[in-house]
Amino acid sequence: MRTSIKSILIFLLLLSFVSYAQEEINIVNGKVVEYDKCGFPMDDSDLGQFISPEYMDYSYDSLLIDLELWRMSEYVKIDSIGLSVQGRPLWQLTISSDPNNVAGKRTVHIHARTHPQETEGFYVTEEMIKILLSETEFAQTARANCVFYVIPMYNPDGVVLGLPRRNANNIDLEANWNTFPHQPEVAALKARFTQLMASPNPIEVMLNMHSSSLCTRYFVYHHENGTSPNFALLQQEFINGVRTYFPNAIEPYNYFISWTSGTALQYPESWCWLNHGENIMAITYEDKYRPSCSTSGNYDSTANAILRGVLDYMNITTDAEQAADLTPTEFKLEQNYPNPFNPSTTISFTIPNVTLSGVEGSRVQLKVYDILGNEITTLVNDYRDAGIYNVQFTMHNLASGIYFYTLQTGDFVESKKMVLLR
Ligand SMILES: [Zn+2]
(Lines give C-alpha, C1' and ligand atoms only; values in the text may rest on other atoms or scores of the structure.)
Protein backbone atom coordinates (compact mmCIF):
# COMPACT_ATOMS: atom_id res chain seq x y z
CA MET A 1 0.00 0.00 0.00
CA ARG A 2 2.69 2.40 1.06
CA THR A 3 4.70 1.57 -2.05
CA SER A 4 1.81 2.18 -4.38
CA ILE A 5 1.05 5.60 -2.86
CA LYS A 6 4.71 6.44 -3.13
CA SER A 7 4.86 5.38 -6.74
CA ILE A 8 1.72 7.36 -7.54
CA LEU A 9 3.28 10.41 -5.92
CA ILE A 10 6.47 9.93 -7.89
CA PHE A 11 4.43 9.47 -11.04
CA LEU A 12 2.52 12.71 -10.35
CA LEU A 13 5.76 14.51 -9.63
CA LEU A 14 7.28 13.30 -12.90
CA LEU A 15 4.10 14.20 -14.73
CA SER A 16 4.24 17.72 -13.36
CA PHE A 17 7.79 18.13 -14.64
CA VAL A 18 6.91 16.69 -18.02
CA SER A 19 3.84 18.83 -18.50
CA TYR A 20 5.39 22.09 -17.33
CA ALA A 21 8.96 21.84 -18.53
CA GLN A 22 8.10 22.24 -22.18
CA GLU A 23 7.19 25.57 -23.64
CA GLU A 24 6.69 24.31 -27.16
CA ILE A 25 7.00 21.03 -29.03
CA ASN A 26 7.84 20.49 -32.67
CA ILE A 27 8.57 17.42 -34.70
CA VAL A 28 11.86 17.73 -36.58
CA ASN A 29 12.85 14.86 -38.89
CA GLY A 30 10.47 12.56 -37.06
CA LYS A 31 11.92 13.46 -33.67
CA VAL A 32 10.04 15.38 -30.97
CA VAL A 33 11.97 18.56 -30.17
CA GLU A 34 11.06 20.62 -27.13
CA TYR A 35 11.86 24.30 -27.08
CA ASP A 36 12.51 26.48 -24.07
CA LYS A 37 11.26 30.02 -23.48
CA CYS A 38 14.25 31.39 -25.40
CA GLY A 39 13.13 29.49 -28.50
CA PHE A 40 16.00 26.99 -28.40
CA PRO A 41 15.83 23.19 -28.27
CA MET A 42 16.08 21.93 -24.70
CA ASP A 43 18.28 19.06 -25.78
CA ASP A 44 21.69 20.47 -26.76
CA SER A 45 22.09 17.77 -29.40
CA ASP A 46 19.21 19.44 -31.31
CA LEU A 47 20.86 22.88 -31.27
CA GLY A 48 22.56 22.47 -34.68
CA GLN A 49 21.64 25.55 -36.72
CA PHE A 50 21.23 27.62 -33.55
CA ILE A 51 24.91 27.50 -32.64
CA SER A 52 27.00 30.41 -33.91
CA PRO A 53 30.22 30.62 -31.91
CA GLU A 54 31.21 33.85 -33.69
CA TYR A 55 28.29 35.58 -32.01
CA MET A 56 29.50 34.64 -28.52
CA ASP A 57 31.57 37.75 -28.97
CA TYR A 58 31.56 39.16 -25.47
CA SER A 59 34.11 37.10 -23.57
CA TYR A 60 34.91 36.77 -19.89
CA ASP A 61 38.00 38.93 -20.55
CA SER A 62 35.73 41.59 -22.11
CA LEU A 63 33.79 41.59 -18.86
CA LEU A 64 36.97 41.98 -16.79
CA ILE A 65 37.92 45.02 -18.90
CA ASP A 66 34.45 46.54 -18.56
CA LEU A 67 34.47 45.92 -14.80
CA GLU A 68 37.59 48.08 -14.58
CA LEU A 69 35.87 50.84 -16.57
CA TRP A 70 32.66 50.67 -14.56
CA ARG A 71 34.68 50.61 -11.35
CA MET A 72 35.85 54.16 -12.12
CA SER A 73 32.34 55.48 -11.50
CA GLU A 74 31.56 56.68 -8.01
CA TYR A 75 28.11 55.13 -8.41
CA VAL A 76 29.38 51.55 -8.65
CA LYS A 77 30.64 49.02 -6.20
CA ILE A 78 31.91 45.71 -7.58
CA ASP A 79 32.09 42.42 -5.73
CA SER A 80 30.83 38.90 -6.33
CA ILE A 81 27.98 36.79 -5.01
CA GLY A 82 29.92 33.52 -5.17
CA LEU A 83 31.93 31.29 -7.47
CA SER A 84 31.15 29.21 -10.53
CA VAL A 85 31.93 25.49 -10.83
CA GLN A 86 35.42 26.37 -12.06
CA GLY A 87 35.93 29.04 -9.41
CA ARG A 88 35.25 32.18 -11.43
CA PRO A 89 33.59 35.02 -9.50
CA LEU A 90 29.94 35.72 -10.24
CA TRP A 91 30.59 39.44 -10.51
CA GLN A 92 28.02 41.83 -9.11
CA LEU A 93 27.64 45.56 -9.68
CA THR A 94 25.89 47.59 -7.02
CA ILE A 95 24.70 50.82 -8.62
CA SER A 96 23.22 53.64 -6.54
CA SER A 97 23.93 57.27 -5.61
CA ASP A 98 26.15 55.91 -2.84
CA PRO A 99 26.74 52.22 -3.50
CA ASN A 100 28.33 51.82 -0.06
CA ASN A 101 25.22 53.04 1.70
CA VAL A 102 22.02 51.75 0.17
CA ALA A 103 19.81 52.15 3.25
CA GLY A 104 16.32 53.18 2.24
CA LYS A 105 16.89 52.50 -1.47
CA ARG A 106 14.39 50.43 -3.40
CA THR A 107 15.85 47.30 -4.90
CA VAL A 108 16.04 46.14 -8.51
CA HIS A 109 17.90 42.96 -9.47
CA ILE A 110 19.15 42.20 -12.99
CA HIS A 111 21.07 39.14 -14.19
CA ALA A 112 22.21 38.18 -17.67
CA ARG A 113 24.09 35.56 -19.68
CA THR A 114 22.62 32.48 -18.02
CA HIS A 115 22.72 31.04 -21.54
CA PRO A 116 26.19 32.00 -22.83
CA GLN A 117 25.18 32.21 -26.50
CA GLU A 118 22.54 34.85 -25.68
CA THR A 119 24.88 37.83 -25.75
CA GLU A 120 22.10 40.21 -26.86
CA GLY A 121 20.39 40.00 -23.46
CA PHE A 122 23.73 41.03 -22.03
CA TYR A 123 24.15 43.91 -24.50
CA VAL A 124 20.81 45.32 -23.32
CA THR A 125 22.06 44.90 -19.74
CA GLU A 126 25.31 46.68 -20.65
CA GLU A 127 23.28 49.61 -22.03
CA MET A 128 21.24 49.68 -18.81
CA ILE A 129 24.50 49.95 -16.86
CA LYS A 130 25.66 52.81 -19.11
CA ILE A 131 22.35 54.63 -18.66
CA LEU A 132 22.44 54.18 -14.88
CA LEU A 133 26.00 55.51 -14.68
CA SER A 134 25.28 58.57 -16.84
CA GLU A 135 24.51 62.07 -15.60
CA THR A 136 21.08 62.38 -17.17
CA GLU A 137 18.21 63.52 -15.01
CA PHE A 138 16.70 60.07 -15.38
CA ALA A 139 19.87 58.35 -14.12
CA GLN A 140 20.15 60.71 -11.17
CA THR A 141 16.54 60.00 -10.22
CA ALA A 142 17.08 56.26 -10.60
CA ARG A 143 20.21 56.27 -8.43
CA ALA A 144 18.69 58.56 -5.82
CA ASN A 145 15.69 56.26 -5.33
CA CYS A 146 17.01 52.80 -6.08
CA VAL A 147 19.83 50.37 -5.81
CA PHE A 148 20.42 48.18 -8.86
CA TYR A 149 22.21 44.88 -8.36
CA VAL A 150 23.48 43.63 -11.71
CA ILE A 151 25.05 40.24 -12.44
CA PRO A 152 26.25 40.77 -16.03
CA MET A 153 27.59 37.22 -16.51
CA TYR A 154 25.82 34.62 -14.40
CA ASN A 155 27.46 31.71 -16.27
CA PRO A 156 31.12 32.70 -16.78
CA ASP A 157 32.32 29.09 -17.18
CA GLY A 158 29.90 28.50 -20.04
CA VAL A 159 31.19 31.67 -21.72
CA VAL A 160 34.85 30.65 -21.32
CA LEU A 161 34.23 27.03 -22.38
CA GLY A 162 32.09 28.06 -25.36
CA LEU A 163 29.06 26.13 -24.13
CA PRO A 164 26.02 27.70 -25.78
CA ARG A 165 23.47 27.00 -23.03
CA ARG A 166 25.05 25.26 -20.06
CA ASN A 167 27.57 25.54 -17.24
CA ALA A 168 30.80 23.57 -16.70
CA ASN A 169 28.80 20.62 -15.33
CA ASN A 170 26.75 20.58 -18.53
CA ILE A 171 23.64 21.82 -16.70
CA ASP A 172 21.23 24.49 -17.94
CA LEU A 173 21.23 26.95 -15.03
CA GLU A 174 17.95 28.50 -16.13
CA ALA A 175 15.92 25.32 -15.89
CA ASN A 176 17.39 23.78 -12.73
CA TRP A 177 16.37 25.95 -9.83
CA ASN A 178 14.46 23.02 -8.42
CA THR A 179 17.19 20.39 -8.91
CA PHE A 180 19.11 19.23 -5.85
CA PRO A 181 21.91 19.50 -5.07
CA HIS A 182 22.05 22.92 -6.72
CA GLN A 183 24.69 23.96 -9.18
CA PRO A 184 27.03 26.45 -7.44
CA GLU A 185 25.76 29.30 -9.64
CA VAL A 186 22.12 28.54 -8.77
CA ALA A 187 22.98 28.19 -5.08
CA ALA A 188 24.75 31.56 -5.10
CA LEU A 189 21.96 33.48 -6.80
CA LYS A 190 19.27 31.81 -4.72
CA ALA A 191 21.20 32.67 -1.53
CA ARG A 192 21.57 36.25 -2.75
CA PHE A 193 17.84 36.55 -3.48
CA THR A 194 17.08 35.10 -0.05
CA GLN A 195 19.43 37.57 1.62
CA LEU A 196 17.97 40.56 -0.22
CA MET A 197 14.37 39.47 0.42
CA ALA A 198 15.12 39.32 4.16
CA SER A 199 16.66 42.83 4.10
CA PRO A 200 14.71 46.02 4.90
CA ASN A 201 14.54 46.75 1.15
CA PRO A 202 13.61 43.53 -0.63
CA ILE A 203 13.77 43.10 -4.40
CA GLU A 204 10.79 44.72 -6.10
CA VAL A 205 11.73 44.01 -9.71
CA MET A 206 13.85 41.04 -10.87
CA LEU A 207 14.88 41.00 -14.53
CA ASN A 208 16.25 37.82 -16.08
CA MET A 209 17.93 38.82 -19.36
CA HIS A 210 17.97 36.43 -22.33
CA SER A 211 17.68 36.41 -26.10
CA SER A 212 15.41 34.41 -28.34
CA SER A 213 15.68 32.65 -31.66
CA LEU A 214 12.17 33.90 -32.47
CA CYS A 215 13.57 37.23 -33.73
CA THR A 216 11.24 39.26 -31.55
CA ARG A 217 11.62 41.15 -28.29
CA TYR A 218 9.30 39.93 -25.58
CA PHE A 219 8.73 39.33 -21.89
CA VAL A 220 7.78 35.83 -20.75
CA TYR A 221 4.33 36.38 -19.32
CA HIS A 222 3.16 34.07 -16.58
CA HIS A 223 -0.47 33.12 -16.93
CA GLU A 224 -2.79 33.66 -13.97
CA ASN A 225 -3.26 29.87 -13.74
CA GLY A 226 0.38 29.61 -12.65
CA THR A 227 0.39 32.84 -10.61
CA SER A 228 -2.69 34.87 -9.62
CA PRO A 229 -5.19 37.10 -11.42
CA ASN A 230 -3.70 40.13 -9.69
CA PHE A 231 -0.12 39.19 -10.59
CA ALA A 232 -1.26 38.72 -14.19
CA LEU A 233 -2.56 42.32 -14.12
CA LEU A 234 0.68 43.55 -12.55
CA GLN A 235 2.67 41.89 -15.33
CA GLN A 236 0.43 43.49 -17.93
CA GLU A 237 0.96 46.88 -16.31
CA PHE A 238 4.72 46.36 -16.28
CA ILE A 239 5.03 45.08 -19.86
CA ASN A 240 2.62 47.67 -21.29
CA GLY A 241 4.56 50.36 -19.45
CA VAL A 242 7.89 49.31 -20.94
CA ARG A 243 6.34 49.12 -24.42
CA THR A 244 5.22 52.75 -24.34
CA TYR A 245 8.88 53.77 -24.42
CA PHE A 246 9.75 51.61 -27.43
CA PRO A 247 6.50 51.19 -29.39
CA ASN A 248 6.22 48.45 -32.02
CA ALA A 249 9.58 47.03 -30.98
CA ILE A 250 8.55 44.90 -28.00
CA GLU A 251 5.76 42.36 -28.36
CA PRO A 252 2.48 42.67 -26.41
CA TYR A 253 2.26 40.90 -23.05
CA ASN A 254 0.29 37.97 -24.48
CA TYR A 255 2.86 37.15 -27.16
CA PHE A 256 4.60 34.47 -25.10
CA ILE A 257 2.50 32.95 -22.34
CA SER A 258 3.90 30.48 -19.85
CA TRP A 259 2.57 28.52 -16.87
CA THR A 260 -0.87 28.07 -18.38
CA SER A 261 -1.59 25.00 -16.25
CA GLY A 262 0.43 25.58 -13.10
CA THR A 263 3.75 27.00 -11.96
CA ALA A 264 6.77 25.46 -13.66
CA LEU A 265 9.10 24.91 -10.74
CA GLN A 266 12.50 25.00 -12.38
CA TYR A 267 13.02 28.72 -13.10
CA PRO A 268 14.31 31.65 -11.02
CA GLU A 269 10.89 33.28 -11.49
CA SER A 270 9.26 30.23 -9.93
CA TRP A 271 11.36 30.64 -6.83
CA CYS A 272 10.36 34.30 -6.63
CA TRP A 273 6.69 33.50 -7.19
CA LEU A 274 6.49 30.58 -4.76
CA ASN A 275 8.37 32.43 -2.01
CA HIS A 276 7.32 36.03 -2.47
CA GLY A 277 4.29 36.06 -4.78
CA GLU A 278 3.15 39.46 -5.97
CA ASN A 279 5.89 41.27 -4.04
CA ILE A 280 8.46 40.71 -6.81
CA MET A 281 7.89 41.53 -10.44
CA ALA A 282 10.11 38.64 -11.52
CA ILE A 283 10.20 38.38 -15.27
CA THR A 284 12.35 37.18 -18.15
CA TYR A 285 13.13 39.52 -21.02
CA GLU A 286 14.08 38.04 -24.39
CA ASP A 287 16.00 40.12 -26.92
CA LYS A 288 16.55 39.26 -30.60
CA TYR A 289 19.22 36.57 -31.02
CA ARG A 290 21.50 37.84 -33.80
CA PRO A 291 22.25 34.57 -35.63
CA SER A 292 18.50 34.11 -36.18
CA CYS A 293 17.68 37.72 -36.80
CA SER A 294 18.85 40.46 -39.17
CA THR A 295 16.87 43.13 -37.29
CA SER A 296 18.56 42.68 -33.92
CA GLY A 297 20.19 45.64 -32.20
CA ASN A 298 18.78 48.84 -30.69
CA TYR A 299 20.08 47.69 -27.33
CA ASP A 300 20.17 51.24 -25.99
CA SER A 301 16.54 51.96 -26.89
CA THR A 302 15.50 48.67 -25.31
CA ALA A 303 17.52 49.37 -22.17
CA ASN A 304 16.02 52.83 -21.91
CA ALA A 305 12.48 51.47 -22.27
CA ILE A 306 13.00 48.73 -19.68
CA LEU A 307 14.56 51.04 -17.09
CA ARG A 308 11.88 53.68 -17.52
CA GLY A 309 9.24 50.95 -17.28
CA VAL A 310 10.82 49.65 -14.08
CA LEU A 311 10.78 53.07 -12.41
CA ASP A 312 7.22 53.75 -13.54
CA TYR A 313 6.16 50.36 -12.18
CA MET A 314 7.72 51.31 -8.85
CA ASN A 315 5.86 54.65 -8.97
CA ILE A 316 9.07 56.65 -9.00
CA THR A 317 8.56 59.94 -10.78
CA THR A 318 11.07 60.66 -13.51
CA ASP A 319 11.45 63.01 -16.44
CA ALA A 320 9.45 60.44 -18.41
CA GLU A 321 6.58 62.64 -19.49
CA GLN A 322 9.05 65.24 -20.66
CA ALA A 323 10.90 62.60 -22.68
CA ALA A 324 7.70 61.18 -24.15
CA ASP A 325 6.65 64.61 -25.39
CA LEU A 326 9.77 65.00 -27.45
CA THR A 327 8.96 64.21 -31.03
CA PRO A 328 11.98 65.38 -33.01
CA THR A 329 11.27 66.55 -36.55
CA GLU A 330 14.79 66.98 -37.93
CA PHE A 331 18.29 65.55 -37.75
CA LYS A 332 20.62 67.49 -35.53
CA LEU A 333 24.23 67.13 -34.45
CA GLU A 334 25.20 69.14 -31.36
CA GLN A 335 28.56 70.54 -30.33
CA ASN A 336 30.34 68.13 -28.02
CA TYR A 337 30.52 68.99 -24.33
CA PRO A 338 32.90 69.67 -22.70
CA ASN A 339 35.07 71.14 -25.45
CA PRO A 340 38.07 71.29 -25.29
CA PHE A 341 38.11 68.02 -23.37
CA ASN A 342 40.46 65.59 -21.63
CA PRO A 343 39.95 62.71 -22.06
CA SER A 344 36.12 62.32 -22.07
CA THR A 345 33.37 64.23 -23.80
CA THR A 346 29.75 63.78 -24.86
CA ILE A 347 28.19 64.19 -28.30
CA SER A 348 24.42 64.60 -28.65
CA PHE A 349 22.42 64.04 -31.79
CA THR A 350 18.75 63.90 -32.73
CA ILE A 351 17.03 61.40 -35.00
CA PRO A 352 13.60 62.50 -36.22
CA ASN A 353 10.59 60.34 -36.97
CA VAL A 354 11.20 58.82 -40.37
CA THR A 355 9.85 55.60 -41.76
CA LEU A 356 12.08 53.43 -43.87
CA SER A 357 10.11 50.51 -45.17
CA GLY A 358 10.66 47.39 -43.17
CA VAL A 359 13.33 48.91 -40.99
CA GLU A 360 13.04 50.09 -37.42
CA GLY A 361 14.38 53.61 -37.18
CA SER A 362 17.27 55.05 -39.16
CA ARG A 363 20.69 53.65 -39.88
CA VAL A 364 23.05 55.97 -38.02
CA GLN A 365 26.83 56.26 -38.16
CA LEU A 366 28.81 58.51 -35.88
CA LYS A 367 32.56 58.48 -36.50
CA VAL A 368 35.59 60.36 -35.26
CA TYR A 369 38.39 61.46 -37.61
CA ASP A 370 41.73 63.14 -37.11
CA ILE A 371 42.67 66.33 -38.93
CA LEU A 372 44.11 64.32 -41.84
CA GLY A 373 40.82 62.51 -42.32
CA ASN A 374 41.98 59.21 -40.84
CA GLU A 375 39.16 57.40 -39.08
CA ILE A 376 39.89 57.15 -35.35
CA THR A 377 36.83 55.28 -34.15
CA THR A 378 33.19 54.48 -34.82
CA LEU A 379 30.98 55.57 -31.94
CA VAL A 380 27.64 54.50 -33.39
CA ASN A 381 26.80 52.15 -36.23
CA ASP A 382 23.27 51.00 -35.62
CA TYR A 383 19.58 51.52 -36.32
CA ARG A 384 18.16 54.22 -34.09
CA ASP A 385 14.57 55.20 -33.45
CA ALA A 386 13.47 58.80 -33.26
CA GLY A 387 14.94 60.40 -30.18
CA ILE A 388 17.77 62.37 -28.66
CA TYR A 389 20.96 60.44 -28.02
CA ASN A 390 24.00 61.20 -25.89
CA VAL A 391 27.21 59.38 -26.69
CA GLN A 392 29.93 59.70 -24.11
CA PHE A 393 33.40 58.60 -25.12
CA THR A 394 37.00 58.75 -24.01
CA MET A 395 40.03 59.32 -26.23
CA HIS A 396 42.88 57.35 -24.76
CA ASN A 397 46.39 57.39 -26.19
CA LEU A 398 45.76 60.20 -28.64
CA ALA A 399 47.71 63.42 -29.00
CA SER A 400 46.32 66.85 -28.24
CA GLY A 401 44.79 68.47 -31.28
CA ILE A 402 41.77 69.00 -33.46
CA TYR A 403 39.47 66.09 -34.31
CA PHE A 404 36.24 65.89 -36.26
CA TYR A 405 33.10 63.90 -35.64
CA THR A 406 30.62 63.11 -38.38
CA LEU A 407 27.01 61.99 -38.18
CA GLN A 408 25.68 60.23 -41.23
CA THR A 409 22.18 58.88 -41.66
CA GLY A 410 20.47 58.58 -45.02
CA ASP A 411 21.21 61.79 -46.95
CA PHE A 412 22.04 63.73 -43.80
CA VAL A 413 25.73 64.30 -43.11
CA GLU A 414 27.13 66.79 -40.65
CA SER A 415 30.58 67.23 -39.13
CA LYS A 416 31.79 69.23 -36.18
CA LYS A 417 35.19 70.02 -34.75
CA MET A 418 36.41 69.22 -31.26
CA VAL A 419 39.65 69.79 -29.41
CA LEU A 420 41.50 67.29 -27.26
CA LEU A 421 43.73 69.15 -24.80
CA ARG A 422 45.99 66.92 -22.75
ZN1 LIG B 1 17.95 32.03 -22.50
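This report walks through two sheets, two helices and a few unusual backbone spots of the structure above.

The model is predicted, and local features are described where pLDDT is at least 70, side-chain atom pairs count only at pLDDT 80 or more, and totals for chains, interfaces and linings use all residues. Residues are numbered from 1 along each chain as its sequence is written, and side-chain values use heavy atoms, with hydrogens and water left out.

**The two sheets**

Let us begin with the strands. Helices (H or I, at least four residues) and strands (E, at least two) are DSSP runs, numbered from the N terminus. Two strands count as paired if DSSP finds at least two bridges between them. In general, strands of a sheet pair through backbone hydrogen bonds, either parallel or antiparallel.

One open sheet has 7 strands with mixed pairing, in the order S3-S4-S6-S5-S7-S11-S8. Strand S3 (76-83) and strand S8 (218-219) stand at its edges; each has a single partner strand, so one side of each is left without a neighbour in the sheet. Within this sheet, strand S5 (residues 106-112) and strand S6 (residues 146-151) run parallel and are joined by 6 bridges. If you would like a place to look, find Arg 106, which stands opposite Cys 146 in S6.

The other open sheet has 4 strands, ordered S15-S14-S17-S18, and its pairing is antiparallel. Its edge strands are S15 (375-384) and S18 (412-420), each pairing on one side only. From one strand to the next, the twist averages 15°, where axes are lines fitted to C-alpha atoms (for helices over the stretch in contact) and angles run from 0 to 180 degrees between N-to-C directions. Strand S14 (residues 362-370) and S15 run antiparallel and share 8 bridges. Here Val 368 sits opposite Thr 377 in S15.

**Two helices**

Helix H3 (residues 119-133) has 15 residues and spans 21 Å from its first C-alpha to its last, close to the expected 21 Å at 1.5 Å a residue. The expected span is 1.5 Å times one less than the number of residues. Of the 15 residues of H3, 14 are buried, so the helix is largely enclosed by the rest of the structure. Buried means under 20% relative accessible area, exposed means over 50%, and partly exposed lies in between (1.4 Å probe, protein chains only).

Helix H2 (residues 60-71) holds Leu 69, which counts as partly exposed at 46% relative accessibility. Together with Ile 65 and Met 72, Leu 69 makes a nonpolar surface patch of about 360 Å². Such patches are made of residues with over 30% relative accessible area and no salt bridge; nonpolar side chains (Val, Leu, Ile, Met, Phe, Trp, Tyr) are joined within 5 Å, and like charges within 9 Å. A salt bridge is a side-chain nitrogen of Lys or Arg within 4 Å of a carboxyl oxygen of Asp or Glu. Accessible areas come from the Shrake-Rupley method with a 1.4 Å probe, and for residues only the protein chains shown count as cover.

**Unusual backbone spots**

Most residues other than glycine have a negative phi, and most peptide bonds are trans. Two asparagines have a positive phi instead, as the table shows.

| Residue | Phi | Relative accessibility |
|---|---|---|
| Asn 298 | near 55° | 3%, buried |
| Asn 315 | near 55° | 68%, exposed |

Asn 298 belongs to the loop between strand S11 (281-288) and helix H9 (299-313), while Asn 315 lies in the loop between H9 and helix H10 (320-325).

The peptide bond from Asn 339 to Pro 340 is cis, with omega near 0°. Another cis bond joins Asn 342 and Pro 343, with omega about -10°. Pro 340 lies in the loop between strand S12 (332-333) and strand S13 (344-351), and Pro 343 is also in the loop between S12 and S13.
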